[in-house]
Amino acid sequence: MDIHEYQAKEILSGFGVRIPPGGLAYSPEQAAYRAREIGGSKWVVKAQVHTGARGKAGGVKLCSSEQEVFDAANGLFGKRLVTQQTGSQGKIVYRVYVEGAVAIERELYLGFVLDRSSERIMVVASASGGMEIEEISANQPESILRTVIEPAVGIRDFQAREIAFGLGIDPAHIQEAASNIKGSYRAFRDLDATMVEINPLVVVESGSIVALDAKMSFDDNALFRRPEISELRDKSQEDPRETQAADRGLSYVGLEGKIGCIVNGAGLAMATMDMIKLAGSSPANFLDIGGGASPERVAKAFRLVNSDKNVEAILVNIFAGINRCDWVAQGIVQALEDNPVSVPVVVRLAGTNVEEGRKILAQSGLPIIRAATLAEAAERVVTAWTKNQKHNVKLVASS
Ligand code: GDP
Ligand code: MN
């Protein structure tokens, strides 16, 4: 789960990381009011959307009067911000964060990630932070500092100082930089984060060290024990298909292809996606209904896949152990009777209660294409999809 910059900053601040004074706003009036509260004569208005690279996309505005703050916020609210990281659909701005502007001397990069090969938290740092960090890591990989943290002892003072030294911090501020680094590490570890990124961490003209931007992501599987983090979830920033699925207890990942998949078990879902590719098309999603799925859950899964306008054919592939084919069949029939579909539907059932399941599908009288094996199912759904496409092309051409 990702959170907003202002939320990450509040968390990090609680662990002793220095941040500029700031306030959240839901309207241009409130943004101008925040500027007055903060005081000073320069502010930054920042779109709060779950993506980086906002600066290059016009999502970060430097302002020199309350009126400019108002206008900047006014221009951002409701806007669909398309950055290098969002894809073409972008993310809509519903909140802005107003901050007292900082006089930047140098921009540094400080990140914490899980390094899978060492099975440790790794600190990644660079003396050249800011908006060009991707280019720097690609062109000058040797300039990136990496430090692996021993989990049993956590980050050591000497490690934090070594990183600060490597970033070229002057001796008078090494201690301050080290405490920012240690605080960020503790926030990562104590809150089950999967990523903390401060880019830029800046050296201010006075020499002190401030986190100017912050990003945090958390391990979804640990959220049950972090209710205070779960509360920070902002559904407006997520893929609506995935949010709906999560609310229904389904594991769902939206993809770019045309064949909607309803499968049980992650392994079978992966195999099904491979078989669709092999048969000449590609999956529109990964959806795992899990074990012991009730007819209602199956029907919900079906409606969810069917509501995706990218989906041009649906494949249901169930190998039932804990699941029951008759329940799956009931769910499909229920969904199709409530909401007839215009795309071909192929169903392959195997395992527990398969005979009952097949009977329910046959007796429903619905135009369901049946298949006995996975290979056959993939073949049939792609054939039906291709035929349907040709048919649609003809309809368009003749109209
Ligand atoms: P991102 O583009 O989404 O990573 O947004 P950032 O919060 O990192 O802001 C992008 C850039 O805006 C930073 O790298 C800074 O150069 C600039 N910026 C942000 N806040 C300030 C500020 O308070 N003062 C100044 N001078 N520049 C700022
Ligand atoms: Mn940034």
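Domain bounds here come from an automatic or database domain assignment. With that in hand, open the model, which is a predicted one, and let's walk through it.

**Stop 1: the domains.** Colour the protein by its three assigned parts: domain 1 (1-19 + 103-238), domain 2 (21-101) and domain 3 (242-398). Now put a centroid on the C-alpha atoms of domain 1 and another on those of domain 3; the two centres are 43 Å apart.

**Stop 2: ligand 1.** Select ligand 1 next and zoom in. Where does ligand 1 lie relative to domain 1 and domain 2? Both domains give residues to the shell around ligand 1, so the ligand lies between them. If you display pockets, the space that ligand 1 takes is the largest one. Three elements each give two or more residues to this shell: β2 (43-47), β7 (104-115) and β10 (193-204).

**Stop 3: the shell, residue by residue.** Show the 16 residues around ligand 1; those that come nearest are K46, R54, G55, V102 and E107. Colour the shell by class and you will find nine nonpolar, three polar and four charged residues.

Then turn to the oxygen atoms of the ligand. Which residues place a polar atom 2.7 Å from an oxygen atom of ligand 1? R54 does so with a polar side-chain atom, while G55 uses a backbone N or O atom, also at 2.7 Å. Pick D213 as well: a polar atom of its side chain is 3.0 Å from an oxygen atom of ligand 1. Switch on a surface to finish this stop: of the 560 Å² of accessible area that ligand 1 has on its own, the protein covers 85%.

**Stop 4: two backbone details.** Select A53, in the loop between β2 and β3 (60-63). Phi of A53 is near 60 degrees, a positive value in a residue other than glycine. Finally, go to strand β10, where you will find P200. Is the peptide bond from N199 to P200 cis or trans? It is cis, with omega near 5 degrees. As background for both details, most residues other than glycine have a negative phi, and most peptide bonds are trans.

Notes. Residues numbered from 1 in each chain as written. Chains lettered and ligands numbered in written order. Predicted model: local features only at pLDDT ≥ 70, side-chain atom pairs only at ≥ 80, totals over all residues. Heavy atoms only, no water. Near = heavy atom within 4 Å. Polar contact = N/O pair within 3.5 Å; in protein donor to acceptor, adjacent residues only side chain to side chain. Areas by Shrake-Rupley, 256 points an atom, 1.4 Å probe, with all protein chains shown as cover. 1 Å grid on protein atoms, 1.4 Å probe; cavity = no way out; pocket = protein on both sides within 12 Å on 5 of 7 lines; lining within 4 Å. Sits in = over half its atoms within 2 Å of the grid points. Helix = DSSP H or I, 4+ residues; strand = E, 2+ residues; numbered from the N terminus. Nonpolar A, V, L, I, M, F, W, Y, C, P; charged D, E, K, R; others polar.
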